[in-house]
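This report describes selected features of the structure shown below. The discussion moves from a ligand shell to the strands, the nonpolar cores and several loop residues.

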Amino acid sequence: MEELERFIEYDPAGFTLREAIIEAKRCLHCSKPRCRTGCPIENEIPDFIEAMAHGNLGSASTIIAKHSNLPAVCGRVCPHEKQCEGSCILNKQGKGIKVGKIERFIADMDGDLALIPAVIKEKRSGRIAVIGSGPAGLTVAGDLAKMGFSVTVYDAQQEAGGVLMYGIPEFRLPKQVVRREVKKIANLGVQFNLNTMIGPSLTLDNLFEQGFDAVFIGTGNALAKSLSLPGIKLPGAVQATYFLQMVELANQGSVDAMEVPIHPGDNVVIIGAGNTAIDAARTAIRREAASVTVLNRDRESHIAALASEVASARKEGVNFTSLRRPLELIGEYFVTGVLCHIMSDPGEGKDLIPTEKTSIIPANKVIIAIGQRPASRIIGSTKGIEVDESGYVKTRDIPYGMSMRSGVFSGGDVVNGPATVVKAMKDAKTVAKGIAQYVEAKKLMEKCGLKMTD
Ligand SMILES: Cc1cc2nc3c(=O)[nH]c(=O)nc-3n(C[C@H](O)[C@H](O)[C@H](O)COP(=O)(O)OP(=O)(O)OC[C@H]3O[C@@H](n4cnc5c(N)ncnc54)[C@H](O)[C@@H]3O)c2cc1C
Ligand code: SF4
């Protein structure tokens, strides 16, 4: 009981045991469950909800673990309104099942109380190096470890999790939740080599020299896209991903709080209106900024971020200014505002028209949140991995996820572009199967005295 109380305290926005069971009991256990179709990794939603309705948390956890290595994360940050919950049949009666909150409750209980043991199939020969410990890398590592392979994860950061640790803010995804999920993967036998950047000194070729049979690249979109506007280099302009990362590093005690670029009393303008922009805006509010304004170049109805996140941001005091295209960051020695072109809206379906008018939005801090792209540290330090004109790794269908270089696989955002946690996981799950096929074939050929070729 004490554990349960502590747990409820730890996740005040989540369900209590009683609430989770009551919600689960509403589920119709449909024969053709739309919720499952709406889930990118086709989680067995009706089955784990039924187990929850019977109060059987162990079974519910076992069912979830068949499809996901990161349920406590997905239960919090998946866009449920567009996926499982948005697809639930009960929405027709006005109240779809809160699938995300049920999943989160089950996963948190499992993380807290270790309800189910780690299931590892018989140990197989084959060593795989995973570069990047975001949702893609963690999924590949977890799935291959469950299949019995030896897996070592390398990440440049001091803690594993990728964007889960250094992008999505604490108030949406507590870092203790990420650490618990990573620990569960480590308990499968996965080794983590952190603070290790692959590319400049330790190269991908060095990993093969160390005896790895295959390498997975899941390095995400590490570089923030820049804006070519006059004044963009003025002190006071900062990238959203850098700001969010510095906040987390300050939370961890790795940097001084004064090094975080937003301070109490700042007037902040955010350029961009996607999910990263909203995370930056809500974080700036929590840093006690005097004002935070999201500058949206499009119509009010076309804000790219999730509607629920925008609603939360508004409630917390974030202003939204739409139909403004930034032209210049103004200021002599330090940014003092953003000069914008005012656009006119001729109506839905028609292109916005630039007017003659401009306006200046005062700010002493400007956060740029217009997207990310892949870095080229690995591609630039090894041969044979092809990328497209934007830097995304090209992969094959057979074996799924293998790059143009034999034995090197890739998946997640570094292949598919910026997406979501669950989409990176979905892709990574299929790549893990491709890696297993490749390594098994390689080992068989080695036994026959043969070598793999392209
Ligand atoms: C601020 C922000 C908020 C988001 N919010 C949500 C959300 O609420 N819901 C949602 O579903 N999605 C969200 N996303 C998107 C989601 O986080 C990504 O789609 C997902 O993390 C991609 O996973 P990944 O494993 O491909 O890459 P990443 O999570 O980017 O992980 C890549 C990892 O590779 C490491 N790495 C990179 N290069 C090297 C190298 N050379 N050597 C060693 N390690 C390296 C990095 O340190 C990092 O740990 C958000 C993204 C951002 C930026
Ligand atoms: S669609 Fe809704 S009611 Fe039907 S099984 Fe899924 S969660 Fe339950």
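By class, how many residues in the shell around ligand 2 are nonpolar, polar and charged? The shell has nine nonpolar residues, one polar residue and one charged residue. The model discussed here is a predicted one.

## Ligand 2

The residues around ligand 2 include the cysteines Cys27, Cys30, Cys35 and Cys88. Leu28, Ile89, Leu90, Ile97 and Pro46 also belong to this shell, as do His29 and Arg34. Ile97 appears again in another setting, among the residues in contact with Ile102.

## Strands β1, β2 and β3

Strand β2 covers residues 150–154, and four of these five residues are buried, so the strand is largely enclosed by the rest of the structure. Strand β1 (residues 127–131) runs parallel to β2 and is joined to it by five bridges. Within this pairing, Ala129 has Thr152 of β2 as its bridge partner. Between the two strands the chain passes through helix α9 (residues 135–146), in a β-α-β crossover that is right-handed.

Strand β2 is also joined to β3 (residues 191–193), again in parallel, by three bridges. Here Thr152 stands opposite Gln191 of β3. Thr152 is thus a partner of Ala129 in β1 and of Gln191 in β3.

## Strands β7, β8 and β9

Strand β8 is mostly covered, with four of its five residues buried. Five bridges connect β8 to the parallel strand β7 (residues 267–271), and Val268 stands opposite Val292 of β8. From β7 the chain reaches β8 through helix α14 (residues 275–286), and this β-α-β crossover is right-handed.

With strand β9 (residues 319–321), β8 pairs in the parallel sense over three bridges. Leu295 faces Thr321 of β9 in this pairing. The chain crosses from β8 to β9 through α15 in a β-α-β crossover that is right-handed.

The strand pairings described above are collected in this table.

| Pair | Sense | Bridges | Residues opposite each other |
|---|---|---|---|
| β1 and β2 | parallel | five | Ala129 and Thr152 |
| β2 and β3 | parallel | three | Thr152 and Gln191 |
| β7 and β8 | parallel | five | Val268 and Val292 |
| β8 and β9 | parallel | three | Leu295 and Thr321 |

## Nonpolar cores

In soluble globular proteins, nonpolar side chains tend to be buried together. In this model the largest nonpolar core has 101 residues. The residues with the most contacts inside this core are Phe48, Ile102, Leu144, Ile270, Ile367 and Ile435. Helix α17 (residues 421–447) supplies the largest share of the core, eleven residues. Apart from this core lies another one of 16 residues, among them Tyr154, Val215, Ile378 and Val393.

Which residues is Ile102 in contact with, leaving aside its neighbours within four places in sequence? They are Phe15, Glu23, Ala24, Phe48, Ile49, Met52 and Ile97. Phe48 is also among the residues that Asn43 touches.

## Loop residues

Is Asn43 buried or exposed? Asn43 counts as buried because its relative accessibility is 3%, and the limit for a buried residue is under 20%. Asn43 lies in the loop between α3 (34–38) and α4 (45–53). Beyond four places in sequence, Asn43 touches Arg36, Phe48, Ile63, Ile64, His67, Ser68 and Glu103.

Asp298 is located in the loop between β8 and α15 (307–316). With a relative accessible area of 27%, Asp298 is partly exposed. Residues up to four places away in sequence aside, Asp298 touches Ser322, Leu323 and Leu352. Asp298 and Leu323 are 25 residues apart in sequence, while their C-alpha atoms are 5.1 Å apart in space.

Two residues other than glycine have a positive phi: for Ala114 the angle is near 45°, and for Asn195 it is about 55°. Ala114 belongs to the loop between α8 (99–113) and β1 and is exposed, with a relative accessible area of 59%. Asn195 is found in the loop between β3 and α12 (204–209) and is likewise exposed, with a relative accessible area of 56%.

Finally, the peptide bond joining Ile398 and Pro399 is cis, with an omega of about -15°. Pro399 is placed in the loop between β14 (372–373) and β15 (408–410).

How values were computed
Residues are numbered from 1 along each chain as its sequence is written. Chains are lettered from A and ligands numbered from 1 in the order in which they are written. This is a predicted model: local features need pLDDT of at least 70, side-chain atom pairs count only at pLDDT 80 or more; totals for chains, interfaces and linings use all residues. Side-chain values use heavy atoms; hydrogens and water are left out. Buried means under 20% relative accessible area, exposed over 50%, partly exposed in between (1.4 Å probe, protein chains only). Two strands pair if DSSP finds at least two bridges between them. A crossover is right-handed if, with the strands pointing away from the viewer, the path from the first strand over the helix to the second runs clockwise. A nonpolar core is a set of buried Ala, Val, Leu, Ile, Met, Phe, Trp, Tyr and Cys residues joined through side-chain atoms within 4.5 Å. Contact means heavy atoms within 4.5 Å. A residue is near a molecule or strand if one of its heavy atoms lies within 4 Å of it. Ala, Val, Leu, Ile, Met, Phe, Trp, Tyr, Cys and Pro count as nonpolar, Asp, Glu, Lys and Arg as charged, and the others, Gly among them, as polar.
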